[in-house]
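Open the model in your viewer and keep the sequence panel beside it. Each stop below gives a selection and what to look for.

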Amino acid sequence: MASLFSELICQTCGHAMPPDLGTSLCERCESAELEAHYATDQLAPDWARQVRERDADLWRYEELLPIRLPPEARVTMREGWTPLVRAENLQGDLGLRQLFIKDERQSPTGSFKDRQGALTINALRERGIEECVLASTGNKAAAYAAYCARAGIRLWIFLTSMVPNEKLRELALYGAEVIKLAGTYDQAKNVARDFADRRKLYFDGGIHAIPGREGLKTIAFELAEQLGRYLPLENGRWRAPDWYLQAVSGGIGPIAVHHGFAQLHALGLIDRIPRLGIIQVEGCAPMVRAWEVNADQAEPVIPRTRIAVLATGDPGRGYQMLREACLMHGGTMQSINDGEAFRAMRRLARIEGYSVEPAAAVAFAGLEKMAQAGLIQPDEVVVVNCSGHTFPAEKHILEDQYVLDLQLGEASEETSAPIHVQEGLGAALERLDEQVTTIAVIDDNPQDSRLIRRLLQTYKNYRVFEANSALDGLDLVKHRKPDLVVTDLTMPEMDGFDLLQALKSDPETADVPVIVISAKTLSASDEARLLEAESVWQKGNFNTRQLVDHVVKTLGADPEGKGEVLMTTSGAVAEGLKNALESVNRTRVLVIDDNRRDARLVKRVLEASQRYTVYEAYSAGEVSDALEEVAPHLVILDLMLPDIESGSLLVDWLREATQDAHLPIVVMTAKSLSEAEQRFLSERHIPVWQKAQLDRQALVHHVDLLLQNRDASREEA
Ligand SMILES: [Zn+2]
């Protein structure tokens, strides 16, 4: 049986759309709240019994999942079907009789987010997406990083500095690009979204992303099936608990689980939809605060908790969805403090043998509170989601620079970083790719191309693109401009010989080195046709380490020196970003002078101060391009330029072109000015420096002063 995913329904206006996971907004009303629907009338009448015979992972419910890849094409680590265990000791202590723990620690990366990661990454694979961006409070990042590694998808993760270093190292270990921001999670999310937008990359949309939510709903399916075995009902039906408890951050977990139960209820498989126990930690409990005063929207808060994975200060729609679920089917939202969570953590370990992460302990502390308050009746069936445990990756595994640390300013009452910081960051992020070495692997056998990709990525931090035919390969090379091509020889339609010829005869691609890996035994005439290849390797007959060394060597000879920034982890990217960001944050000075030696001198002197980045233009004609590229904070202008009658003309034009009436301009000249020129400049408050009288110190001092004055006059204005 395959997926019965049949349409997307808009939850706002009811509009039905084709079952395309690339759709993120309703085509009629632009609402982001879409839901996957399934042709459940085609579900076998004894589906629940059939499922029982299937493999122990979440794909046992494949008919009701939105992924249409056949099993052999899926990215999976057999996620799901985690144990449901009765908490014999704890239930006695709390005066309960039917307490169960859903042990999501036993997931591939140790948390329930693997369900979300697995479905999302399979959806990306289905759509041929090879790069994605994510902001996370921790666990989701680990899950996505692992599945992306398995799928060969490049992942960018933006995290806050609250996330412990062990977690960051785990992510880097999976090969993800990790960017740590000193700010709140909501800030990190904004920066990540902006980064994805600029590069037109897939950004994981959290609660509105269908694959992730559909993956998480399998918790409900498993609970109903598993409880059906513990507490059988008539006719082999499944059984829902009376209460489902989970600690929440953004809320996607319980939202999805509630949705899963509702689906089973609609199918007649269970007789009730459980009440939700939504537990938050007091230092970050915007949902609970809103629930307590019956508000229909949660006010964002600045998280003040040591439990990083729960620190979503702005739950947005998540609160409303959970509130609706609680109002419709019963439920409550409760908060507990960090201390209560840590006590619950110790207690669970001592009496049940469960070592859990602090976020999971929050749910158990909430359970304790609810049981004591009499919210839960002794005979009610209660399930607590034991959402995960952490995997400490030890320090020595990675090189020092596995993460890039960015300061967005202190977490303040404002939820977004100052605009100029975000702009600088955006610009820096945009330039990143210049630092990453890319390789195109072309082979009609996908297994071979994947193998070569793996090989290259295991040893070096290359960005590898694959194509499975020479024609696609040609497109890929033209489009991506890789630093190196690795190609197979025998391919249908167009073979490797023709590909090599096509690449070498096009001036745009002629310089890209091509390494040939061939399964074919080469004749003398074959070899003659491969003279322009960098090297030729025989498939199945070479030492993999030698190939990698050869690739490294070939790239190392790259005239632009890109090969030099290779490191085994995200170091290359981190380094590039840091440089880009540093230069973005410096003050930009444009020097316009046809005397290149003078321009260089100004550049050297100012840049030595570490405060300025200096750009040069050598004629009036170059100025307009330079302005656009540089957006200077200060212009130093020579009045004698070859292509314009008088440099004075440039002055008014500069201020107009930059739309900045306060743009500081300085005239630097070797000649003495006419009276008219002097009057013209002094009317515009433009100082004149005589080149002969300017020494290094004076230059830096004058520039510093000018920029201070500019800031002062801006403030007045
Ligand atoms: Zn709609």
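This tour of a predicted model starts at the metal and then moves to the sheet.

**Stop 1: the zinc ion.** Select the zinc ion. Which residues coordinate the zinc ion? Show Cys 10, Cys 13, Cys 26 and Cys 29 as sticks; each contributes its SG atom. The coordination distances run from 2.3 to 2.4 Å.

Now look at the angles. The 4 donor atoms subtend 106 to 114 degrees around the zinc ion, so the arrangement is tetrahedral. All angles must lie between 85 and 135 degrees for four donors to earn that label.

Switch to the sequence panel. The donors of the zinc ion are spaced C-x2-C-x12-C-x2-C along the chain.

**Stop 2: Cys 10 and Cys 29.** Select this pair next. Cys 10 belongs to strand S1, residues 5-10. Cys 29 sits in the loop between strand S2 (16-17) and strand S3 (34-38). The two are 19 residues apart, and the pair links distant parts of the chain.

Turn on the surface. Is Cys 10 buried or exposed? Cys 10 is buried, because its relative accessible area is 2%, under the 20% cut-off. Cys 29 is partly exposed, with a value of 33%.

**Stop 3: the sheet.** Switch to cartoon view and select S1, S2 and S3. The 3 strands form an open sheet in the order S2-S1-S3, paired antiparallel. S2 and S3 are the edge strands, each pairing on one side only.

**Stop 4: S1 against S3.** Zoom in on these two strands. They run antiparallel and are joined by 5 bridges. Finish on Glu 7: its bridge partner in S3 is His 37.

Key: Residues numbered from 1 in each chain as written. Predicted model: local features only at pLDDT ≥ 70, side-chain atom pairs only at ≥ 80, totals over all residues. Heavy atoms only, no water. Donors = N, O, S within 2.8 Å, 3.2 Å for Na, K, Ca; no water. Tetrahedral: all angles 85-135°; square planar, octahedral: opposite > 155°, others 65-115°. Helix = DSSP H or I, 4+ residues; strand = E, 2+ residues; numbered from the N terminus. Buried < 20%, exposed > 50% of the residue type's maximum accessible area, 1.4 Å probe, protein only. Pairing = 2+ DSSP bridges.
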